[in-house]
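These are my notebook entries on one chain. I wanted to look up how its helices pack, what its cores hold and where its backbone angles stand out.

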Amino acid sequence: MSIVVTGATGHLGRLTIESLLAAEVPAGEIAAVARDRAKAAPLAALGVEVRTGDYDSPESLTDVFRAGDRVLFVSGSEAGRRVPQHTAVVDAARAAGVAQLAYTGVLGGPDADFELAAEHKVTERLILESGLPYTFLRNGWYTENYTENLAPVLEHGAVVAAAGDGRVASASRADYAAAAAAVVTGEGHLNKAYELCGDTAWSFDEYAAELSRRTGRTIAYNNVPGETMLGILTGAGVPEPMAAILVDVDRAIERGLLVGRTGDLSRLAGRPTTPLAESVAEALKG
């Protein structure tokens, strides 16, 4: 039996493996599933077993799971392709007889009515229909979605969104990774769903104010219509289908759908979630 992390060379997968190692899970009991074995070389160097598998290639997944494995199934990142990809993963996990399939979905689960949630809702149904012991990790928004690319914000002196006065209870990827590690190593998590979000919700005005405070410059929040935001994103090179999803997320934020108030994330992680101010400070150091 191993603790298996899919998407292991991506941000969340890699951070989850780091959390497992920090929790003193022996490296030899961790398996990393990755499309590219070369990219997983740093994990192999730590003693982690690397299993090659590609969500787009069902046949490659037939040997990545073993009976009794506890699996963190990190959702695919390609909107519009997730359903066939996720079907392949669920089918492989069921055939292997894994002991737990912990899936990283989206905040709100079946009640989420924004476009980004659609494929995640289908995946949850697939997992339920598989009969596998599951844990649904319904992740909220990552703070890094905003802080990873600050250059245009600083260049133009503006945070631009179509989210009105909505608030976001975001958390760092490391926070979500710590929770995921706890779920696949602990007991009492089978056949449960967790709504995961940051401890404190913030507004875009507050985000702009924090950037201003940290940089000593005036950063404003420009709330724009959805159509304008769509044009900004596509003009920056974001493919239109993805840009439309991101604008729809802004609208969901405006409707209060990414606020969240459960406290599940900090309870699972065993610590408070990372404050926005700390994430901003870390991003600006880079």
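**Entry 1, helix 9 and helix 10.** I began with the contact list, taking contact as heavy atoms within 4.5 Å: Gly 226, Glu 227, Met 229, Leu 230, Leu 233 and Thr 234 in helix 9 meet Glu 240, Ala 243, Ala 244, Leu 246, Val 247, Asp 250 and Arg 251 in helix 10. By class, this contact holds seven nonpolar, two polar and four charged residues, where Ala, Val, Leu, Ile, Met, Phe, Trp, Tyr, Cys and Pro count as nonpolar, Asp, Glu, Lys and Arg as charged, and the others, Gly among them, as polar.

The model is predicted, and I kept in mind that local features need pLDDT of at least 70, that side-chain atom pairs count only at pLDDT 80 or more, and that totals for chains, interfaces and linings use all residues. Residues are numbered from 1 along each chain as its sequence is written, and side-chain values use heavy atoms, with hydrogens and water left out.

I then looked up the geometry: the axes of helix 9 (residues 226–235) and helix 10 (residues 240–254) come within 9 Å and cross at roughly 140°, which makes helix 9 oblique to helix 10. Axes here are lines fitted to C-alpha atoms, for helices over the stretch in contact, with angles from 0 to 180 degrees between N-to-C directions; under 35 degrees counts as roughly parallel, over 145 as roughly antiparallel, 65 to 115 as roughly perpendicular and the rest as oblique. Helices (H or I, at least four residues) and strands (E, at least two) are DSSP runs, numbered from the N terminus.

**Entry 2, helix 1 and helix 7.** The axes of helix 1 and helix 7 are 8 Å apart, at an angle of about 55°, and the two helices are therefore oblique to each other. From helix 1, His 11, Leu 12, Leu 15, Thr 16, Ser 19 and Leu 20 take part, and the helix 7 residues that they meet include Arg 173, Tyr 176, Ala 177 and Val 184. I noted ten nonpolar, four polar and one charged residues in this contact.

**Entry 3, the cores.** The largest nonpolar core (buried Ala, Val, Leu, Ile, Met, Phe, Trp, Tyr and Cys residues joined through side-chain atoms within 4.5 Å) has 33 residues, and Tyr 207 and Ile 253 are among those with the most contacts inside it. Helix 6 (151–156), strand 7 (158–161), helix 8 (204–215), helix 10 and helix 12 (276–285) each supply at least two residues of this core. Apart from it lies another core, of 30 residues, including Leu 12, Leu 20, Leu 72 and Val 183. Returning to Tyr 207, and not counting residues up to four places away in sequence, I found it touching Tyr 146, Thr 147, Leu 150, Val 159, Trp 202, Leu 276 and Val 280.

**Entry 4, positive phi.** Most residues other than glycine have a negative phi. Glu 24 has a positive phi, near 70°, and sits in the loop between helix 1 (11–22) and strand 2 (30–34); its relative accessible area of 70% makes it exposed, on a scale where buried means under 20%, exposed over 50% and partly exposed in between (1.4 Å probe, protein chains only). Asn 191 likewise has a positive phi, near 60°, in the loop between helix 7 (173–185) and strand 9 (192–196), and is partly exposed at 46%.

**Entry 5, Ala 34.** Ala 34 lies in strand 2 and counts as buried at 4% relative accessibility.
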